[in-house]
Protein chains: 2
Amino acid sequence: MSKLLAIGTVAFDKIETPFGQTDKILGGAGTYIGLSASTLGIKTAIVSVVGEDFPKKYFDIFHNNNINTEGIEVVKGGKTFYWSGRYHNDMNSRDTLITDLNVLEHFNPIIPDSFKDADIVMLGNLHPLTQLSTLKQLEHKPKLVVLDTMNYWMDTALDDLHKVLKHIDVITINDEEARQLSGEYSIVKAAKKIYEMGVKYVIIKKGEHGALLFNDNNIFFAPALPLEDVFDPTGAGDTFAGGFCGFLASTGNISFENMKNAIIYGSCLASFCVEKFGTQRMENLNKEEISKRLKAFRDLTQYDFTI
Amino acid sequence: MSKLLAIGTVAFDKIETPFGQTDKILGGAGTYIGLSASTLGIKTAIVSVVGEDFPKKYFDIFHNNNINTEGIEVVKGGKTFYWSGRYHNDMNSRDTLITDLNVLEHFNPIIPDSFKDADIVMLGNLHPLTQLSTLKQLEHKPKLVVLDTMNYWMDTALDDLHKVLKHIDVITINDEEARQLSGEYSIVKAAKKIYEMGVKYVIIKKGEHGALLFNDNNIFFAPALPLEDVFDPTGAGDTFAGGFCGFLASTGNISFENMKNAIIYGSCLASFCVEKFGTQRMENLNKEEISKRLKAFRDLTQYDFTI
């Protein structure tokens with residue numbers, strides 16, 4: 001069975017949207033990637049760090065979804081990373097209210113022995129050197145390494161980011177970040193510049209406007225599912241990435257053609273993620289509802305016309 | 001052979017983009033709709049009005065593309081509608097510099113007898129009562145009536161717009177206009193509100209983010225083709241609408257399934273339109289380049305995955 005290793009934050013989130021607000025709930029990139037990938041019945045491990053305040057019930061959520069948590073370090077006396085944010089009415093932009101790094105500040109990822117031979121590695125948004133140190137612990141080069149990052153690291157650690165880009169296969173960033181990283185306004189030109197940084201596949205996430213996959217001169221586009229209400233966008237990008245990696249791991253096929261399917265699968269899971277606050281919708285997804293949603297994606301984009 | 005009747009402006013445009021600027025060139029919604037629909041070898045007529053200053057060489061462009069111009073009134077001593085605009089660097093927004101209505105101010109559309117039995121009617125963006133007066137001249141209800149409008153008419157002639165909406169089948173508007181017309185932020189909810197106004201099919205144009213087609217609970221999405229450079233977006237929406245109508249007319253099939261194909265065809269033609277200033281790219285499009293571009297659309301969105 002294929003192994004997916006996800007490194008990323010496991011956190012407390014407190015979220016405000018026009019629809020309401022939460023207490024401190026389970027969040028973090030590692031969490032969403034893990035929950036999403038685990039829908040495919042592959043071996044999934046999260047590597048992260050939490051404090052002693054991290055409750056057993058959240059570990060139970062991981063274990064109920066067959067996620068290996070050996071790589072989640074619990075720091076004695078430490079406090080879990082805490083993020084709080086408020087979404088604007090358009091749900092596309094948000095203000096960060098609180099960022100308490102806590103135990104994340106000295107996070108030193110340790111890959112469990114049983115996942116040092118992972119087939120696919122997903123490097124969630126973290127300091128580029130932390131991402132790099134994960135790769136160095138692996139027994140051999142994985143089939144595919146996928147990296148997520150953000151404008152913050154382009155502003156504060158660009159050289160380190162360029163170092164890690166030389167060791168990965170796929171980058172996922174949003175359109176503004178692609179423009180910042182490449183210095184090109186056109187997304188097509190931006191992707192080409194990013195190839196030159198050593199990355200073979202560029203995935204550009206456009207939120208409600210979908211996602212684009214670039215490789216050489218090939219482009220594939222997957223829309224987001226138009227929804228009546230987006231309840232809470234938190235974690236949608238990580239859920240997308242987790243579904244993408246999980247699909248590739250479960251099929252064992254990393255061709256561009258299969259990446260198209262993987263992008264659709266990731267978009268499908270992201271469409272669930274935004275329907276409820278936090279991880280709520282992702283904790284108990286069943287195969288039937290995923291199948292039904294995949295059919296909705298098919299109806300949304302597939303057509304018969306040939307000239 | 002199917003007949004498409006397009007009513008809309010035929011104009012002089014003067015355009016500035018970050019890539020350069022034009023003199024007064026051929027423009028107008030009717031022009032772009034006509035040129036686009038005429039790629040399909042159907043009978044296409046434009047109903048419009050121009051002044052005596054409208055040059056023969058522009059009529060020649062229409063005739064070379066087999067477009068019937070009997071319905072383009074030439075007002076003696078009158079001046080042709082003139083619009084000038086400047087695009088911002090993002091190419092998604094623009095400032096209008098000049099709008100000289102000229103002969104358009106007293107435009108009273110007269111449908112040529114030979115097109116009073118048109119199969120498909122495209123009502124380009126004009127005063128809603130002008131659109132309505134066109135419909136009243138037809139011999140019988142066409143197979144399909146498609147209407148384009150804009151926020152200006154929602155601000156200044158909303159009651160008249162509601163009157164004409166009761167007589168049409170398909171509306172094409174952009175996302176902001178859909179929100180304004182419906183009072184709903186969610187595009188899905190906006191479409192449902194617009195159904196209640198008497199419109200069965202709602203097409204929401206999102207520019208570089210593609211277009212959505214809504215009918216009952218069905219949704220179809222077509223992306224815009226990602227391009228290295230968008231040279232001039234003028235006329236892209238009308239080109240899209242002209243391709244959509246032309247495709248439906250040429251196939252004689254107005255089912256939702258075939259509208260998917262029509263939306264792809266319209267998106268394909270719009271991707272050409274933006275590659276050069278004004279109508280330049282649309283004047284001499286050949287079948288091979290259209291076929292090749294349709295294949296690029298297929299590669300962009302079609303995938304094999306079935307669960």
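A salt bridge here is a side-chain nitrogen of Lys or Arg within 4 Å of a carboxyl oxygen of Asp or Glu. Keep that in mind as you click around; what you have open is a predicted model.

**Stop one: a bridge between chains.** Select Glu228(A) and Lys192(B). They form a salt bridge, and their closest N and O atoms sit 2.5 Å apart. How many salt bridges does the rule find across the interface of chain A and chain B? It finds four.

**Stop two: the whole interface.** Now colour the residues where the two chains touch. You should light up 38 residues from chain A and 38 residues from chain B. Between them the chains bury about 3,700 Å², with 54% of that on carbon and sulfur atoms. Glu228(A) turns up again here: along with Tyr303(A) and Phe305(A), it supplies 21% of the area that chain A buries against chain B, more than any other three residues.

Next, switch on polar contacts. Between chain A and chain B, 23 residue pairs are in polar contact, counting pairs with both residues at pLDDT 80 or more. Which elements of chain A should you pick out on the side that touches chain B? H7, E15, H9 and helix H10 (287-301) each give two or more residues. H10(A) has the largest share, seven residues. Colour that side of chain A by residue type and you get 18 nonpolar, eight polar and 12 charged.

**Stop three: a pocket.** Go to Asn217(A), Asn218(A), Ile219(A), Leu225(B) and Ala296(B). Of the 24 residues that line the second largest pocket, these lie nearest its centre. The space in this pocket comes to about 570 Å³.

To see the walls, show helix H7 (187-195), strand E15 (218-222) and helix H9 (256-273) of chain A, then add helix H10 (287-301) of chain B; each supplies at least two lining residues. Which of them gives the most? That's H10(B), with seven residues. By type, the lining divides into 11 nonpolar, two polar and 11 charged residues.

**Last stop: a bridge within chain A.** Zoom out for a moment: over all chains, the whole structure has 32 salt bridges. For one within chain A, select Asp117(A) and Lys3(A), whose closest N and O atoms are 3.0 Å apart. Asp117(A) is in the loop between strand E9 (94-100) and strand E10 (120-123), while Lys3(A) is in strand E1 (residues 3-7), so this pair ties together parts that are 114 residues apart in sequence.

Technical notes: Residues are numbered from 1 along each chain as its sequence is written. Chains are lettered from A and ligands numbered from 1 in the order in which they are written. This is a predicted model: local features need pLDDT of at least 70, side-chain atom pairs count only at pLDDT 80 or more; totals for chains, interfaces and linings use all residues. Side-chain values use heavy atoms; hydrogens and water are left out. On a 1 Å grid over the protein atoms alone, a cavity is a set of points where a 1.4 Å probe fits but cannot get out, and a pocket is an open set with protein on both sides within 12 Å along at least five of seven lines; lining residues have an atom within 4 Å of a point. Grid points are joined across faces, edges and corners, and a volume is the space filled by probe spheres set on the points. Helices (H or I, at least four residues) and strands (E, at least two) are DSSP runs, numbered from the N terminus. Ala, Val, Leu, Ile, Met, Phe, Trp, Tyr, Cys and Pro count as nonpolar, Asp, Glu, Lys and Arg as charged, and the others, Gly among them, as polar. Contact means heavy atoms within 4.5 Å. Buried area is the accessible area (1.4 Å probe) that two parts lose on being put together, summed over both. A polar contact is a pair of N or O atoms within 3.5 Å; within protein, one must be able to donate a hydrogen and the other to accept it, and residues adjacent in sequence count only if both atoms are side-chain atoms.
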